[in-house]
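Here is a short tour of one protein structure. Keep the 3D view open and turn it as you read.

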Amino acid sequence: MDEKKAAILGEIPRLRRYARSLLRDRDSADDLVQDCLERALVRLDNWQTGESPRRWLFTIMHHLFIDQMRKVNRRGEAAMLPLEAGEAVAQPAEQLDGIASREIINALQAISPDRRAALVMVAIEGFSYAEAANMLGVPAGTLMSRIARGREELRGLLDDTARRRAIRIVEK
Amino acid sequence: MIRRDFSERDIHMALDGELPADERAAYDAWLDANPEMKARSARFTADREALRSAFAGVLDEPVPARLRKVVLGEAPVKTAVPRSRWWLAAAAAVLLATGGFGGYFAGMDGIGQEDPAEDRLAEQAIAAHVIYAAEKRHAVEVPASDKDHLQTWLSNRVGLKLVAPDLTANGFQLVGGRLLPAGDSKAAMLLYEDDKGERISLFVTAESVENAKGTYASAQDGPQAVYWLDKGYGCAVVGSLPREQLAVVAKNAYGQLLAGLAS
C-alpha cells in the first residue's frame, strides 16, 4: 500500500468524528466521509507528501458539506422533505449515550452550519484559528465571530432545553 | 505584565489556546476581578467538555469497510449506486432540531420574499417591534396584569378571538399588548420578555386572503419575522433571537393562537 493511502486511511477516524458532529446521523456522516475520500483520491496530486493530509482532507470535506447545505437551502428541499426522512434521523445515534450528550448534540445540530463547522473545528478537532480559518476559507475575524456566536447560541439552546426539562418535571 | 483591556473575545481565545502566553497572567487577573466573565468562561469550558465527550467515542469505532475500500481502491471510485443523500439527512436534522420550522428558514431563504402580502405583514410586524420593543416604560398600552381586558379589547378591535399564548416554556413572559394600524385594518401586538430582557412580539391581523408561511428579515442584522397567513388572519412572530430559537418560540405561539381562534 502506498504511503499516501496509508496516511489517508489514518485520518478516517478524525474525518468520521467531524462528519458526525456536522450531520449527527451515523450513516449520513459516513456517506459524507465517503464522498470526501472519493474526491480526495481523484485529486491525490493536490496533496504534497511530507505533510499530514489532515487539513487537506478536512478542507475537502468541509466544502462538500457547505456546498450541499447551500444547494439544499436554495432549492428549498429542506421544507419539502418527507417526514420519514426526518424520523429516521431522529432516532438516537448509537454510541452517543447519555442525556447530556444527546442534548448537546441536538443543540449543535440546531446552530447554523457555518457556526457549527467553525466551533467544531476548533473546540473538538483542536485546530488553531489560523488552520481553521484556512480550511473554512474565511478570514480569521470571521472565524472568531462564528465561534463566539456559535458558543452563545449553543449555550442558549442548552439553557432552553434545561428549562423545558425543569418545566416538564414540575408539570408531572 | 502586559496591561490591556480584556473582553469576552479573550475568553474564547483563552479557551482555544490563542491567547499569547505573556498575556495569560493579566487575563487571569481580569477574570478574577470579573465574576460574570469568570462564570461565562467556566460555562464555555464545561460546554466544550460536553461536546468533546459526546463525540469522543467516534474515534474508537472500527472504520467501516466501505470507507477503507474507497481508499484502498477495492471499490470503483465512481460507483453505479445513486448519489449519496447525506445532505438530505442534514436538512432533515435541521428540521427536527428546530421542531419542524427550521425547514422553513432553510427553504424560504430567497423565495419567501416574492409575495407582497407576506412582505407587508412581516414589514409591519418588524416595524412595530423595532419601535415598541425598544420602549422601556411605554412598550404596551395594556399590561399583562390586565390580561383578560387586553384579550377582550384586542379581540373586539381586530375582529378575531385572541388568546395571548403562554410562552413561559420558552422562557418568555407576557409584558402586555397594544392596538396598531395595519394597512386599512387593525392589528394586535403582544409583547413578551425573557429574564434577560430579550423581547419578542406577536403581530396578529384579521386582514388576509391567502395562505403562506415563511420568514422575513428586513435588514441583515435586524429582527426577523416568522409569519403565517391564512384565510381570515395573519400572524408574525418577531425577534432578534437566533433563527432556530425564534422558530421554536414561533411554533409554540402559533399553535396556541390557532387553538385560541378556534375556541
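Six of the eight residues of helix α1 (residues 8-15) of chain B are buried, so this helix is largely enclosed by the rest of the structure. The model is a predicted one. The buried residues of α1(B) are B:Asp10, B:Ile11, B:His12, B:Met13, B:Ala14 and B:Leu15. Just after α1(B) comes B:Gly17, with a positive phi of about 70 degrees.

Which helix does α1(B) cross at roughly 35 degrees? The partner is helix α3 (residues 35-56) of chain B, and the two axes come within 10 Å. The crossing of α1(B) and α3(B) is right-handed. On the α1(B) side, the contact is made by B:Glu8, B:Ile11, B:His12 and B:Leu15. On the α3(B) side, B:Met37, B:Arg40, B:Ser41, B:Phe44, B:Thr45 and B:Arg48 take part. Sorted by type, the residues of this contact are four nonpolar, three polar and three charged. B:Ile11, B:His12 and B:Leu15 thus appear twice here: they are buried residues of α1(B), and they belong to its contact with α3(B).

**Chain B and its strands**

Chain B holds nine helices and seven strands. Of its 263 residues, 48% count as buried. Take the contacts in chain B between residues at least 6 apart in sequence: 55% of them join residues at least 24 apart.

Now look at strand β7 (residues 233-239) of chain B. Seven of its seven residues are buried, so β7(B) is largely enclosed by the rest of the structure. Both of its faces are covered. One side carries B:Tyr233, B:Cys235, B:Val237 and B:Gly239. The other side carries B:Gly234, B:Ala236 and B:Val238.

Which strands pair with β7(B)? One is strand β4 (residues 199-205) of chain B. Another is strand β6 (residues 224-230) of chain B. Further pairings in chain B involve β1(B), β2(B) and β3(B). The table lists these pairs, with one example of bridge partners for each.

| Strand pair | Sense | Bridges | Example of bridge partners |
|---|---|---|---|
| β4(B) and β7(B) | antiparallel | six | B:Ile200 and B:Gly239 |
| β6(B) and β7(B) | antiparallel | seven | B:Tyr227 and B:Ala236 |
| β1(B) and β2(B) | antiparallel | two | B:Val142 and B:Gly177 |
| β2(B) and β3(B) | antiparallel | nine | B:Gly177 and B:Leu190 |

Follow B:Gly177 through the table. This residue of β2(B) is the bridge partner of B:Val142. B:Gly177 also has a bridge partner in β3(B), namely B:Leu190. Strand β1 spans residues 142-143, and strand β2 spans residues 173-182. Strand β3 covers residues 185-193. Strands β2(B) and β3(B) form a hairpin with two residues between them. In this hairpin, B:Gly183 takes a positive phi near 65 degrees.

**The nonpolar cores**

The largest nonpolar core has 71 residues. Which of them touch the most other members? They are A:Tyr18, A:Leu37 and A:Leu143. Helix α3 (residues 54-75) of chain A gives this core its largest share, nine residues. A second, separate core has 29 residues, including B:Phe172, B:Leu174, B:Leu246 and B:Ala250.

Zoom in on A:Tyr18. Leaving aside neighbours within four places in sequence, A:Tyr18 is in contact with A:Phe58, A:Met61, A:His62, A:Ala117, A:Val120, A:Met121, A:Glu125 and A:Leu136.

**Two residues of one helix in chain A**

Helix α1 of chain A spans residues 3-23 and includes A:Lys5. A:Pro13 lies in helix α1 of chain A too. Is A:Pro13 buried or exposed? A:Pro13 counts as buried, because its relative accessibility is 19% and the cut-off for buried is under 20%. A:Lys5, at 21%, counts as partly exposed.

Both residues reach chain B. Setting aside neighbours within four places in sequence, A:Pro13 is in contact with B:Val58, B:Leu59 and B:Val63. On the same basis, A:Lys5 is in contact with A:Leu41, B:Val71 and B:Leu72.

Distances along the chain and in space can be set side by side. A:Lys5 and A:Pro53 are 48 residues apart along the chain, and their C-alpha atoms are separated by 9.8 Å. A:Pro13 and A:Val33 are 20 residues apart along the chain, and their C-alpha atoms are separated by 9.8 Å.

Notes
Residues are numbered from 1 along each chain as its sequence is written. Chains are lettered from A and ligands numbered from 1 in the order in which they are written. This is a predicted model: local features need pLDDT of at least 70, side-chain atom pairs count only at pLDDT 80 or more; totals for chains, interfaces and linings use all residues. Side-chain values use heavy atoms; hydrogens and water are left out. Helices (H or I, at least four residues) and strands (E, at least two) are DSSP runs, numbered from the N terminus. Buried means under 20% relative accessible area, exposed over 50%, partly exposed in between (1.4 Å probe, protein chains only). Contact means heavy atoms within 4.5 Å. A nonpolar core is a set of buried Ala, Val, Leu, Ile, Met, Phe, Trp, Tyr and Cys residues joined through side-chain atoms within 4.5 Å. Axes are lines fitted to C-alpha atoms, for helices over the stretch in contact, and angles run from 0 to 180 degrees between N-to-C directions. A crossing is left-handed if the near helix is turned anticlockwise from the far one by less than a right angle, and right-handed if clockwise. Ala, Val, Leu, Ile, Met, Phe, Trp, Tyr, Cys and Pro count as nonpolar, Asp, Glu, Lys and Arg as charged, and the others, Gly among them, as polar. Two strands pair if DSSP finds at least two bridges between them.
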